[in-house]
Amino acid sequence: MGCVRLIVTGKVQGVGFRAYVCAAARHAGIRGYVRNRANGCVEVLACGPEPALDVLIGHIAKGPAGARVTGMERESVDEGRMPEGFLVRYDET
């Protein structure tokens, strides 16, 4: 089991990116959230088995039609208080 924070850059806002990530995470059994950030990137916090995280990260790197991922920073984080399931958060940081 692992937890990661991803900061995804590129054309990732206004193209259905959060819904795409949410669907992929739920399908993979990942807990966490995805949200836009005020600087134009998207933040993903994801916890789950390492193989499932790898699958999710592959989906994120590809993105939905209309998106263009140009970068992704990854850091391991502690689980802390994670939601049950995977959520789209609408608060920007």
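**Exercise 1. Describe the surroundings of Arg31: which residues does Arg31 touch, not counting residues up to four places away in sequence, and is Arg31 buried or exposed?**

Solution. Begin with the contacts: in this predicted model, and with residues up to four places away in sequence not counted, Arg31 touches Met1, Leu45, Ala46, Cys47, Glu79, Met82, Pro83, Gly85 and Phe86. Next, place the residue in the fold, where Arg31 is found in strand β2, a strand that covers residues 31-36. Finally, look at the accessibility: the relative accessible area of Arg31 is 17%, and buried means under 20%, so Arg31 counts as buried.

**Exercise 2. Work out which cysteines are joined by a disulfide, and explain why Cys22 has no bond to the closest cysteine sulfur.**

Solution. The first step is to count, and the structure holds one disulfide. This disulfide joins Cys3 to Cys47, with an S to S distance of 2.0 Å. The pair links distant parts of the chain, since Cys3 lies in strand β1 (residues 2-11) and Cys47 in strand β3 (residues 42-48), 44 residues apart. Both of these cysteines, Cys3 and Cys47, are buried.

The second step concerns the handedness of the bond: the torsion about the S-S bond of Cys3 and Cys47 is about 120 degrees, and therefore the disulfide is right-handed.

The third step turns to Cys22, whose sulfur is 15 Å from the closest cysteine sulfur, that of Cys47, which is too far for a bond. Cys22 is buried, having a relative accessible area of 5%. Cys41 is likewise in no disulfide, and the nearest cysteine sulfur, that of Cys22, is 18 Å away. With a relative accessibility of 4%, Cys41 counts as buried.

**Exercise 3. Reconstruct the sheet: in what order do its five strands lie, and which are the edge strands?**

Solution. Start with the order, which is β4-β1-β3-β2-β5 in an open sheet with mixed pairing. The edge strands are β4 (68-76) and β5 (86-89), each of which pairs on one side only. Neighbouring strands of this sheet are turned by 15 degrees against each other on average, with direction ignored.

Then take one pair in detail: β1 and β4 pair in the antiparallel sense, over eight bridges, and the bridge partner of Ile7 in β4 is Glu73.

**Exercise 4. Place the two helices: which strands does α2 touch, and at what angle do the axes of α1 and α2 cross?**

Solution. Consider α1 (residues 17-28), which lies across β1, β2, β3, β4 and β5 and runs at about 170 degrees to β5. Helix α2 (residues 50-62) packs on the sheet and touches β1, β3 and β4, its direction making about 155 degrees with that of β4.

Now compare the helices with each other: the axes of α1 and α2 come within 10 Å and cross at roughly 160 degrees. That makes α1 roughly antiparallel to α2, and the crossing in which α1 passes α2 is right-handed. Where they meet, α1 contributes Phe17, Tyr20, Val21, Ala24, Ala25 and Ala28, while α2 contributes Ala52, Leu56, His59, Ile60 and Lys62.

**Exercise 5. Locate Val77 and state how far apart Val77 and Val21 are in sequence and in space.**

Solution. Val77 lies in the loop between β4 and β5. From C-alpha to C-alpha, Val77 and Val21 are 19 Å apart in space, and they are 56 residues apart in sequence. Leaving aside neighbours within four places in sequence, Val77 is in contact with Cys3, Val4, Arg5 and Leu45.

Terms used: Residues numbered from 1 in each chain as written. Predicted model: local features only at pLDDT ≥ 70, side-chain atom pairs only at ≥ 80, totals over all residues. Heavy atoms only, no water. Disulfide = S-S within 2.5 Å. Helix = DSSP H or I, 4+ residues; strand = E, 2+ residues; numbered from the N terminus. Buried < 20%, exposed > 50% of the residue type's maximum accessible area, 1.4 Å probe, protein only. Pairing = 2+ DSSP bridges. Axes fitted to C-alpha atoms, helices over the stretch in contact; angles between N-to-C directions. Contact = heavy atoms within 4.5 Å. Parallel < 35°, antiparallel > 145°, perpendicular 65-115°, else oblique. Left-handed = near helix turned anticlockwise from the far one by under 90°.
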